[in-house]
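Biologist: Hello! I have a protein model open on my screen and would love some help reading it. Could we go through it together, one question at a time?

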Amino acid sequence: MKIICIGRNYREHAEELNNPIPEKPVFFMKPDTALLQKNNPFFYPGFSKDVQYETEIVLKINRNGKHIEERFAHKYFDEIGIGIDFTARDLQAEQKKKGLPWEIAKAFDGAAPVGKFVSKNRFPDINNLRFSLKINDELRQQGNTADMMFSFDRIIAYVSQFVSLKPGDLIFTGTPSGVGPTKINDHYEVFIEDEMLLSFNVK
Ligand code: MG
């Protein structure tokens, strides 16, 4: 399986990092070794001094597809979940300055914690979905999918022009504003609406 991540999909987050507003979705990938499941702990990597959380809705692809039309894209996922796109912001800033790829900042082991997946049909409208992150019981980030610049369907249509999708692939759909640093001993609780679907500790 592969993990596809959308960058700069929420206007206020693009602005907080001084990034231009994209005209097309921006995507990058993480390898399967980045996946962190079952609420296992995240180990703070020794190569960064500024690992930051980005809370994101995650789609789980359910069938093979390429060149998917936007109007059919909803058929390619039944389940959604919540995840953290951990980012070594210091390394990313160096790479961005040099115009180099971001992998060392985004693709490292454990950089993609994901929680339990649930049927998208549980929610009346997945394009108007609240999600949030608490660290040590304090609200740190919240968003609503209504604020995405590119919808889930648009993302699937766009990405599948370049990369075939397969069952089990995950798509991180971008983070709202409010990203911030993490530290050892932090306790994460991550929610879609009011349901906690992911929790883990930083070690
Ligand atoms: Mg992200």
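Biologist: Let's begin with helix α2: which residues on the other side of α2 from its buried ones are exposed?

Modeller: Keep in mind as we go that this is a predicted model. In helix α2, which spans residues 89-98, the buried residues are Arg89, Leu91, Gln92 and Gln95. They cover an arc of only 155° around the axis, so they sit on the same side of α2. On the other side of α2, the exposed residues are Lys97 and Lys98.

Biologist: And what covers the buried residues of α2?

Modeller: We are looking for what packs against Arg89, Leu91, Gln92 and Gln95, the buried residues of this helix. The cover includes two strands and a helix, the latter made of residues 103-106. By name, the cover includes β4, β7 and α3.

Biologist: Which residue with a positive phi follows α2?

Modeller: Helix α2 covers residues 89-98. Right after it comes a residue with phi near 70°, and that residue is Gly99.

Biologist: You mentioned β4 and β7. Which strands stand at the edges of their sheet?

Modeller: The sheet is open and has 3 strands in the order β7-β4-β13, with antiparallel pairing. An edge strand has a single partner, so one side of it is left without a neighbour in the sheet. The strands at the edges are β7 and β13.

Biologist: Which residue does Tyr53 stand opposite in β13?

Modeller: Strands of a sheet pair through backbone hydrogen bonds, either parallel or antiparallel. Here β4 and β13 pair in the antiparallel sense over 2 bridges. In β13, the residue opposite Tyr53 is Gly180.

Biologist: Now the metal. Which residues are the protein donors of the magnesium ion?

Modeller: The donors lie 2.0 to 2.1 Å from the ion. Their spacing in sequence is E-x1-E-x28-D. Reading that pattern with residue numbers gives Glu54, Glu56 and Asp85.

Biologist: How many residues apart are Glu54 and Asp85, and are they buried or exposed?

Modeller: Glu54 lies in the loop between β4 and β5, while Asp85 lies in the loop between β6 and β7, so the pair links distant parts of the chain, 31 residues apart. Buried means under 20% relative accessible area. Glu54 is at 4% and Asp85 is at 1%. Because both values fall under that cut-off, both residues are buried.

Biologist: Next, a backbone puzzle: what is unusual about the phi of Arg8 and Lys38, and which of the two is exposed?

Modeller: Most residues other than glycine have a negative phi. Arg8, in the loop between β1 and α1, has a positive phi of about 55°, and Lys38, in the loop between β3 and β4, has a positive phi near 60°. Arg8 is buried, with a relative accessible area of 18%. At 76% relative accessibility, the exposed residue is Lys38.

Biologist: Let's turn to rings. What kind of aromatic pair do Tyr10 and Phe131 form?

Modeller: The structure holds 13 aromatic pairs. In this one the ring centres are 6.3 Å apart and the planes are at 70°. The pair joins distant parts of the chain, with Tyr10 in the loop between β1 and α1 and Phe131 in strand β10, 121 residues apart. Planes over 60 degrees apart count as edge-to-face, so the pair is edge-to-face.

Biologist: Strand β10 also takes part in a hairpin. Which residue in the turn has a positive phi?

Modeller: β10 and β11 pair in the antiparallel sense over 6 bridges, with Lys134 standing opposite Leu139 in β11. The hairpin has 2 residues between the strands. The turn residue with a positive phi, about 50°, is Asn136.

Biologist: Which charged residue lies over the face of Phe77?

Modeller: There are two such arrangements to look at here. The charged end of Arg63 sits over the ring of Tyr76, 5.7 Å from its centre. Over the face of Phe77, at 4.1 Å from the ring centre, lies Lys120.

Biologist: Last one: what distance separates the C-alpha atoms of Glu12 and Pro176?

Modeller: Glu12 lies in helix α1 and, at 55% relative accessibility, counts as exposed. Glu12 and Pro176 are 164 residues apart along the chain. Their C-alpha atoms are separated by 6.7 Å.

Notes. Residues numbered from 1 in each chain as written. Predicted model: local features only at pLDDT ≥ 70, side-chain atom pairs only at ≥ 80, totals over all residues. Heavy atoms only, no water. Helix = DSSP H or I, 4+ residues; strand = E, 2+ residues; numbered from the N terminus. Buried < 20%, exposed > 50% of the residue type's maximum accessible area, 1.4 Å probe, protein only. Donors = N, O, S within 2.8 Å, 3.2 Å for Na, K, Ca; no water. Arc of directions from axis to C-beta. Contact = heavy atoms within 4.5 Å. Pairing = 2+ DSSP bridges. Phe/Tyr/Trp six-rings, centres within 6.5 Å; stacked < 30°, edge-to-face > 60°. Lys NZ or Arg CZ within 6 Å of the ring centre and 35° of its normal.
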